[in-house]
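The following paragraphs lead through a protein model from its overall make-up to single residues. Keep the sequence and the coordinates at hand while reading.

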Amino acid sequence: REITSLDFEIGPPVRDMLEKALSPITTTELDQLEIAFREVYDGFSWKMTNAYQGVRETISMFYAKGIPCYIVTNKPALAASRILEHLEIAQFFVDVISPDARQPVFQNKGEMIRYLISRQEIHPSSAIYIGDAADDFLSAKSCGLKFIGIEYGYGTLPETKTFKKVQSFAELLSLNLVNKTGVRMINRDIFDDLFVLKFLQG
């Protein structure tokens with residue numbers, strides 16, 4: 001079965017993307033595709049991941065200023081850890097939450113954010129969630145977090161003026177966040193992933 005593009009679905013867990021892109025599809029077929037995907041991605045394709053321009057410099061600046069940074073991602077924990085080490089930015093993050101960071105696995109992004117807030121004793125009023133899609137905004141809102149929209153990602157931001165938007169990760173520095181005490185950054189969109197199916201952001 002041919003897939004012409006996955007651009008409109010990039011971001012959610014791979015199983016969700018495949019199910020939407022190939023619907024109708026049986027559970028057995030979906031299981032087989034997910035296993036094949038994981039074999040390829042966990043085997044070598046994660047090495048093709050790049051950081052978006054300005055990410056390392058910006059994150060290192062937050063780190064130097066004592067602003068704790070975290071990641072909430074749809075990538076499995078093993079892949080996320082490998083990618084961060086490969087990009088040499090793992091040391092800048094206090095914690096990384098993936099769907100399989102606990103058992104049973106998280107069912108959505110909101111659950112992961114709430115788990116991170118509890119685990120790291122983060123007060124929602126002191127945290128800012130950065131993402132590129134409507135579900136990022138809604139997840140942040142449901143958890144009582146401020147939100148900054150990233151316009152360079154694969155997702156689609158909601159048409160609302162209730163949050164700030166930036167066109168590059170480095171632009172976060174211009175918001176003077178580094179001068180505010182107690183601010184914590186929860187990031188999602190720092191990777192530019194490549195894969196045989198175009199692959200996923202998240």
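**From fold to side chains**

Among the contacts in the protein with a separation of 6 or more, 60% are between residues 24 or more positions apart. The model is a predicted one. It holds six helices and eight strands, and from the N terminus on these elements follow the order α-α-β-α-β-α-β-α-β-α-β-β-β-β. Of the 202 residues in the protein, 46% are buried. The accessible surface of the protein comes to about 10,300 Å², and carbon and sulfur atoms account for 52% of that surface.

A convenient place to start is strand β5, residues 146–150. Four of the five residues of this strand are buried, so β5 is largely enclosed by the rest of the structure. Strand β5 pairs with strand β4 (residues 127–131) in the parallel sense, over four bridges. Within this pairing, K146 in β5 is the bridge partner of I128. Between the two strands the chain passes through helix α6, residues 134–142, and the resulting β-α-β crossover is right-handed. Strand β5 is also joined to strand β6 (residues 164–166) by three bridges, and these two strands run parallel as well. Here G149 stands opposite K165 in β6.

Helix α6, the connection in that crossover, also contains S139. With a relative accessible area of 10%, S139 is buried, since the limit for a buried residue is under 20%. The side chain of S139 reaches back to the backbone oxygen of D135 at 2.7 Å. Apart from neighbours within four places in sequence, S139 is in contact with K109, G110 and I113.

K109 brings in the charged pairs. Side chains of opposite charge can pair when their charged atoms come close. The structure holds four salt bridges. One of them is formed by K109 and D136, with the closest N and O atoms 2.5 Å apart. This pair links distant parts of the chain, as K109 is in helix α5 and D136 in helix α6, 27 residues apart. Are the two partners buried or exposed? K109 counts as buried because its relative accessibility is 7%, and D136 counts as buried at 0%. Salt bridges that share partners join K109, D135 and D136 into one network. D135 therefore appears twice in this account: its backbone oxygen is reached by the side chain of S139, and it belongs to the network with K109 and D136.A second salt bridge joins the side chains of D95 and R119, at 2.8 Å from N to O. D95 lies in strand β3 (residues 95–97) and R119 in helix α5 (residues 109–119), so the pair ties together parts that are 24 residues apart in sequence. D95 counts as buried at 7% relative accessibility, whereas R119 counts as partly exposed at 44%. A further salt bridge is formed by R102 and E111, whose closest N and O atoms are 3.4 Å apart. Both residues are partly exposed: R102 has a relative accessibility of 31%, and E111 has a relative accessible area of 24%.

The loops hold several residues worth a look. T73 is found in the loop between β2 (69–72) and α4 (77–86). At 1% relative accessibility, T73 counts as buried. A polar atom of the T73 side chain lies 3.0 Å from the backbone nitrogen of K75.

The remaining points concern backbone geometry. In the loop between α4 and β3 is E88, a residue other than glycine with a positive phi, near 60 degrees. E88 is exposed, with a relative accessible area of 52%. Further along, the loop between β3 and α5 contains P104. Q103 and P104 are joined by a cis peptide bond, with omega about 0 degrees. The loop between α5 and β4 holds E121, where phi is again positive in a residue other than glycine, near 55 degrees. E121 counts as exposed, at 71% relative accessibility.

Terms used. Residues numbered from 1 in each chain as written. Predicted model: local features only at pLDDT ≥ 70, side-chain atom pairs only at ≥ 80, totals over all residues. Heavy atoms only, no water. Buried < 20%, exposed > 50% of the residue type's maximum accessible area, 1.4 Å probe, protein only. Pairing = 2+ DSSP bridges. Right-handed = clockwise from strand over helix to strand, strands pointing away. Polar contact = N/O pair within 3.5 Å; in protein donor to acceptor, adjacent residues only side chain to side chain. Contact = heavy atoms within 4.5 Å. Areas by Shrake-Rupley, 256 points an atom, 1.4 Å probe, with all protein chains shown as cover.
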